Amino acid sequence: MSKKNNRINVPEAREAMDKFKMEAANEVGVNLKEGYNGDISAREAGSVGGQMVKKMIESYEKGL
């Protein structure tokens, strides 16, 4: 069984990623707090992740 790895390879990027995640959560109406967010539903967590991916794709396409 493979081991899951969620660590950020560049430690300096953690703050930027946390800010990006909070912005995406606000855009989709999910109330995230600093630290542990295990009390949100899978649907809410998925909508935050989906919004992050959507914004990353938009950013990439603008750079083309």
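**Helix H1 and the nonpolar core**

In helix H1 of this predicted model, the buried residues include Phe-20, Ala-24 and Ala-25. Seen down the helix axis, the buried residues of H1 fall within an arc of 135°, so they line one face of the helix. An α-helix has 3.6 residues a turn, so residues three or four places apart point the same way. The other side of H1 carries exposed residues: Glu-15, Lys-19 and Asn-26. Helix H2, residues 42-63, is part of what covers the buried residues of H1.

H1 itself runs over residues 14-28 and has 15 residues. From first C-alpha to last, the helix reaches 21 Å. This is close to the 21 Å expected at 1.5 Å a residue. Just after H1, Gly-29 takes a positive phi of about 80°.

The buried residues Phe-20, Ala-24 and Ala-25 of H1 also belong to the largest nonpolar core. That core has eight residues in all. Its other members are Val-30, Leu-32, Ile-40, Val-48 and Met-52. H1 and H2 each supply at least two residues of the core. H1 gives the most, with three residues. In soluble globular proteins, nonpolar side chains tend to be buried together.

Ile-40 is one of the core residues. Residues up to four places away in sequence are not counted among its contacts. On that basis, Ile-40 touches Asn-31, Leu-32 and Ala-45. Of these, Leu-32 is also listed in the core.

Conventions:
Residues numbered from 1 in each chain as written. Predicted model: local features only at pLDDT ≥ 70, side-chain atom pairs only at ≥ 80, totals over all residues. Heavy atoms only, no water. Helix = DSSP H or I, 4+ residues; strand = E, 2+ residues; numbered from the N terminus. Expected span 1.5 Å × (residues − 1). Buried < 20%, exposed > 50% of the residue type's maximum accessible area, 1.4 Å probe, protein only. Arc of directions from axis to C-beta. Contact = heavy atoms within 4.5 Å. Core = buried A, V, L, I, M, F, W, Y, C linked by side-chain atoms within 4.5 Å.
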